[in-house]
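Me: I would like to learn how the words used for a protein model are earned. Could you take my questions one by one?

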Amino acid sequence: MTRPLAGRTALVTGGARGIGAAIARRLHADGANVAITDVLVDEGRALAASLGERAAFFEHDVTADAAWAGVVEACVARLGGLHILVNNAGIYEPGSIAEADLAGVERQIRVNQFGTFLGMRHAQAPMRAAGGGNIVNISSIAGLLGFPGAAAYVGTKWAVRGMTKTAAVELAPDRIRVNSVHPGFIETPMIDRNSAEANQAGIEATPLKRVGQPDEIAAAVAYLAGAEAGFVTGAELTVDGGWVL
C-alpha cells in the first residue's frame, strides 16, 4: 500500500468531526502521524483512538495564542515534528449586516480568521526546522463570492484567502507551501444552520446537483499536502461541484 505521507506529521484543527475528521482520516491513511485538535474533546479522543497508532488528540482553542504554542510543542514532542498544518477549525453563524449579533460576528472572526493566522504563525518554526512544510487553509466558496445573510462568515473566509496568498509569498524562502481549499455545499453539521430552503437553493445552484462529501475535501487537502503538489503554492483549490465557474 502506497503511503505518500509516511514520516510526516500533520496537525488538523477542528478535526473531531465533519470535514476535519475526514481530513485526519485521509492523512493518516496516507501514512502521516496526525494530531487532531478541537474543543470537542469526547469526539476528538474517540477519533484518535479509532485511528490508533500515529494519532493523538489535543484539546485546543484556536483563538488563544498560548494554546497554539502549547499544542504545537506537544505535537512535536509526541509525534516527532510538524510538517503539515491544516487550518480547518471554523464556525458559521448566519446574520445580515443589519441584524447580525455582534458577539457572533466577533466569534467568527476570532475562530475563522484569527485562528488561521495564529496557526500559520506557530507552525513556521517547526516546519523551518524540518526543512520545509505545507499549510492548507480551509476557506470556502464564501471566500470567493458574496452570500446574503452571512456577512461575518464571508468576511472571515475572504480573509483566509488573502492571508494564504500573503503567507505563500512570505514563507516560500523557507520551502513552506501555503494553499487554500474552497469547499462548496458539503454534507456536514455546519449546513444545518441554514434553512431547508437555503440548502435546497444551494444544491440547485450547484451544476452537479448534489452536496459534496467530506472525503472529497480531504482528497484535495491530501493532494496539496503531498509531493505531487510540490510546485503549488498560493493556489485556491475549489471543490464545489461547479458552483464557482
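Me: What is the bridge partner of Asn137 in S6?

Reply: In this predicted model, Asn137 has Ser180 of S6 as its bridge partner.

Me: What makes S5 and S6 a pair?

Reply: Two strands count as paired if DSSP finds at least two bridges between them. S5 and S6 have six bridges, in the parallel sense, so they pass the definition of a pair. From S5 the chain crosses through helix H5 (residues 151-171) to S6, a right-handed β-α-β crossover. Right-handed means that, with the strands pointing away from the viewer, the path from the first strand over the helix to the second runs clockwise.

Me: And which strand does S6 join through four bridges?

Reply: That is S7, which runs parallel to S6; here His182 stands opposite Thr238. Strands (E, at least two residues) and helices (H or I, at least four) are DSSP runs, numbered from the N terminus.

Me: Why is Thr37 called buried or exposed?

Reply: Buried means under 20% relative accessible area, exposed over 50%, and partly exposed in between, with a 1.4 Å probe and protein chains only. Thr37, in strand S2 (residues 33-38), has 1%, so Thr37 is buried. S6 is mostly covered too: eight of its eight residues are buried.

Me: How do you know that Thr37 and His60 make a polar contact?

Reply: Their side chains come to 2.9 Å. A polar contact is a pair of N or O atoms within 3.5 Å; within protein, one must be able to donate a hydrogen and the other to accept it, and residues adjacent in sequence count only if both atoms are side-chain atoms. The value of 2.9 Å fits the contact reported for Thr37 and His60.

Me: What is the end-to-end distance in helix H7, and what span is expected?

Reply: The expected span is 1.5 Å times one less than the number of residues. For the twelve residues of H7 (residues 214-225) that gives 16 Å, and the end C-alpha atoms are 17 Å apart, which agrees.

Me: Where is confidence lowest in the chain?

Reply: pLDDT is the predictor's confidence in each residue, from 0 to 100. Its mean is lowest in helix H6 (residues 196-205), at 82, and highest in S4, at 99. The chain's mean is 95, and 99% of its residues reach 70 or more.

Me: Which conventions apply?

Reply: Residues are numbered from 1 along each chain as its sequence is written, and side-chain values use heavy atoms, leaving out hydrogens and water. Local features need pLDDT of at least 70 and side-chain atom pairs count only at 80 or more, while totals for chains, interfaces and linings use all residues.
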